Amino acid sequence: MANGKIKLEVVTPLKRLVSAEVDEITGPGSWGEFGILPEHTPYLVQLDVGALSYRKSSGRYFVSVSGGYAEVGPHEVTILAESAELAEEIDVDRAKGARERAIGRLSGKDVDETFNFDRSEASLKRAISRISVANRSGLE
Ligand code: ATP
């Protein structure tokens, strides 16, 4: 993009959440947090669960992402997330409910024959990410 911006697209199998020209992006890579500025070398990053953020002239914005890939080019970044929510569409009570259910299972309180550690842990991470994104939005 000739104006020194990055064209950011955030999509899930269900919908397109973001299509914007941005100055900077940070996100949860499976090997740690990554940061992208314009003219970045092309690469592919596997996404963990966590907060994706991007900055543009009107401010900094947060999206909770749950796995997927980020395809990085010098002037465009496409986030293909398994699921993702904009900060303002997050239902915090629902996420808190999911967090409590996951903690109940992981702590051994609510374990039954369907208990699966990895699923409960993944569910807890998604819930914490959603709560964190909803809380950070508007503060920065
Ligand atoms: P829950 O137990 O509350 O369903 P989950 O982590 O199992 O949470 P997912 O399977 O990751 O939910 O997501 C299912 C769909 O619901 C996705 O489209 C996701 O974006 C949406 N979603 C999940 N939790 C929330 C939330 N707290 N606020 C808004 N949308 C949500």
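**Exercise 1. Arginine contacts to the ligand**

Find how far an oxygen atom of the ligand is from an N or O atom in the side chain of Arg101. Then treat Arg126 and Arg130 likewise, and state how much of the ligand the protein buries. The model is predicted.

*Solution.*
Step 1. Start at Arg101. An N or O atom of its side chain is 2.9 Å from an oxygen atom of the ligand.
Step 2. Go to Arg126. Here the distance from a side-chain N or O atom to a ligand oxygen is 2.7 Å.
Step 3. Take Arg130. One of its polar side-chain atoms lies 2.8 Å from an oxygen atom of the ligand.
Step 4. Turn to the ligand surface. Alone, the ligand exposes 600 Å², and the protein buries 68% of that.

**Exercise 2. The shell around the ligand**

Describe the residues around the ligand: which come nearest, which elements supply them, and how they divide into nonpolar, polar and charged.

*Solution.*
Step 1. Count the shell. There are 13 residues around the ligand. Those that come nearest are Glu85, Asp91, Arg94, Arg126 and Arg130.
Step 2. Assign elements. Strand E8 (84-86), helix H1 (92-106) and helix H2 (117-136) each give at least two shell residues. H1 gives the most, with four residues.
Step 3. Sort by character. Seven shell residues are charged, five are nonpolar and one is polar.
Step 4. Place the ligand in the protein. The space it takes is the largest pocket.

**Exercise 3. The fold in outline**

Work out how many helices and strands the chain has, and in what pattern they follow along the sequence.

*Solution.*
Step 1. Count elements. The chain has eight strands and two helices.
Step 2. Read along the sequence. The pattern is β-β-β-β-β-β-β-β-α-α.
Step 3. Add dimensions. The C-alpha trace spans about 55 × 30 × 25 Å along its principal axes.
Step 4. Check burial. The chain has 140 residues, and 39% of them count as buried.

**Exercise 4. Glu39 and its backbone**

Locate Glu39. Is it buried or exposed?

*Solution.*
Step 1. Find the loop. Glu39 is found between strand E4 (32-36) and strand E5 (43-56).
Step 2. Inspect the backbone. Glu39 is not a glycine, yet its phi is positive, about 75 degrees.
Step 3. Apply the cut-off. Exposed means over 50% relative accessible area. Glu39 has 57%, so it is exposed.

**Exercise 5. Three residues and their partners in space**

For Arg126, Ile90 and Val133, give the place in the chain, the burial class and one residue that is distant in sequence number.

*Solution.*
Step 1. Set the cut-offs. Buried means under 20% relative accessible area, and partly exposed lies between that and over 50%.
Step 2. Take Arg126. Its place is in helix H2. Its relative accessible area is 29%, so it is partly exposed. Arg126 and Asp48 are 78 residues apart in sequence, and their C-alpha atoms are 9.8 Å apart.
Step 3. Take Ile90. It lies in the loop between E8 and H1. At 12% relative accessible area, Ile90 is buried. Ser64 is 26 residues from Ile90 in sequence and 8.7 Å from it in space, C-alpha to C-alpha.
Step 4. Take Val133. It also belongs to helix H2. Its relative accessible area is 0%, so Val133 is buried. Val133 and Tyr61 are 72 residues apart in sequence, with 9.3 Å between their C-alpha atoms.
Step 5. Return to the ligand. Arg126, partly exposed, is among the residues that come nearest to the ligand.

Methods
Residues numbered from 1 in each chain as written. Predicted model: local features only at pLDDT ≥ 70, side-chain atom pairs only at ≥ 80, totals over all residues. Heavy atoms only, no water. Near = heavy atom within 4 Å. Polar contact = N/O pair within 3.5 Å; in protein donor to acceptor, adjacent residues only side chain to side chain. Areas by Shrake-Rupley, 256 points an atom, 1.4 Å probe, with all protein chains shown as cover. 1 Å grid on protein atoms, 1.4 Å probe; cavity = no way out; pocket = protein on both sides within 12 Å on 5 of 7 lines; lining within 4 Å. Sits in = over half its atoms within 2 Å of the grid points. Nonpolar A, V, L, I, M, F, W, Y, C, P; charged D, E, K, R; others polar. Buried < 20%, exposed > 50% of the residue type's maximum accessible area, 1.4 Å probe, protein only.
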